[in-house]
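Ready for a few exercises? Keep the viewer open and try each task before reading its solution.

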Amino acid sequence: MAERFDRFGTALATGDVNDDGFADLAIGVPHENVGKINNAGVMHILFGSSTGLYSYFSPDSQLWNQEDTNGVDTAIERCDNCGAALAAGDFNNDGVDNLAVGVPGEDLGGILDAGAVNVLKGQANVGLTPSVGLFFHQDSNSGAQQVNNSSGKFDYFGSSLAVGDFNDDGNADLAIGVPGEDWGPPVTLAR
């Protein structure tokens with residue numbers, strides 16, 4: 001439901017997440033309240049067709065948030081800002097696009113606003129599904145999810161996302177912005 005300051009459309013991404021040959025639109029709403037949880041954030045998926053995008057109110061659209069009932073790997077929290085950044089790409093090289101979702105306000109243990117990224121798997125004739133999805137942050141350290149830094153307070157990991165084949169191996173790679181990251185000692189510039 002539309003509310004004041006929802007920021008509907010803050011982030012947009014296109015990809016074919018249901019493998020029907022038509023581009024689908026992901027819309028981020030990072031300040032959407034979910035139940036009584038303020039600014040938890042959601043993503044809307046509008047599927048493309050031969051006549052254009054399905055309506056926002058169509059039963060063929062999808063609505064996602066971080067609630068455990070949807071199968072996303074983490075609990076929903078106040079000010080998660082889920083959907084603040086979105087990027088679509090075939091990250092697992094199965095021919096169907098997946099959706100990376102930035103959650104820059106995600107708290108990790110006692111670390112406020114460390115940030116995280118969820119990757120939801122696209123599936124033919126279905127759309128996005130949490131099965132075989134990924135949840136990662138700067139402390140993730142297994143296999144393809146390895147990130148080479150540690151989470152810090154107000155890092156906002158996942159504030160921006162971009163997809164490209166950065167290592168020229170034919171697979172989609174994901175770049176993740178971390179605008180609050182402290183890196184090394186402070187530098188004083190001479191005048």
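The exercises below concern a predicted model and go from the overall fold to the cores and the surface.

**Exercise 1. Describe the secondary structure and burial of the chain.**

Start with the elements: there are 12 strands and zero helices. Read from the N terminus, every step in the order is therefore β, by the run assignment used here. Next, turn to burial: of the 191 residues, 45% are buried. Finally, look at the contacts with a separation of 6 or more: 47% of them join residues 24 or more positions apart.

**Exercise 2. Find the largest nonpolar core and say which elements build it.**

First, collect the members: this core holds 16 residues, and Met 43, Ile 45, Leu 86, Leu 99 and Leu 128 have the most contacts inside it. Then assign elements: strands E1 (11–15), E3 (42–46), E7 (85–89) and E8 each give two or more residues. E8 supplies the largest share, with three residues. Now take a look around Ile 45: leaving out residues up to four places away in sequence, its contacts include Val 17, Trp 64, Leu 99 and Leu 128. A separate second core has eight residues, among them Ala 87, Ala 100, Val 117 and Val 119.

**Exercise 3. Locate the nonpolar surface patch and classify Leu 112.**

Begin with the patch: Leu 112, Phe 154 and Tyr 156 form it, together offering about 250 Å² of accessible area. Next, place Leu 112: this residue sits in the loop between strands E8 (98–103) and E9 (116–123). Last, classify it: Leu 112 has 39% relative accessibility, so it counts as partly exposed, a class lying between the 20% and 50% cut-offs.

Methods
Residues are numbered from 1 along each chain as its sequence is written. This is a predicted model: local features need pLDDT of at least 70, side-chain atom pairs count only at pLDDT 80 or more; totals for chains, interfaces and linings use all residues. Side-chain values use heavy atoms; hydrogens and water are left out. Patches are made of residues with over 30% relative accessible area and no salt bridge: like charges are joined within 9 Å, nonpolar side chains (Val, Leu, Ile, Met, Phe, Trp, Tyr) within 5 Å. Accessible areas come from the Shrake-Rupley method with a 1.4 Å probe; for residues, only the protein chains shown count as cover. A salt bridge is a side-chain nitrogen of Lys or Arg within 4 Å of a carboxyl oxygen of Asp or Glu. Helices (H or I, at least four residues) and strands (E, at least two) are DSSP runs, numbered from the N terminus. Buried means under 20% relative accessible area, exposed over 50%, partly exposed in between (1.4 Å probe, protein chains only). A nonpolar core is a set of buried Ala, Val, Leu, Ile, Met, Phe, Trp, Tyr and Cys residues joined through side-chain atoms within 4.5 Å. Contact means heavy atoms within 4.5 Å.
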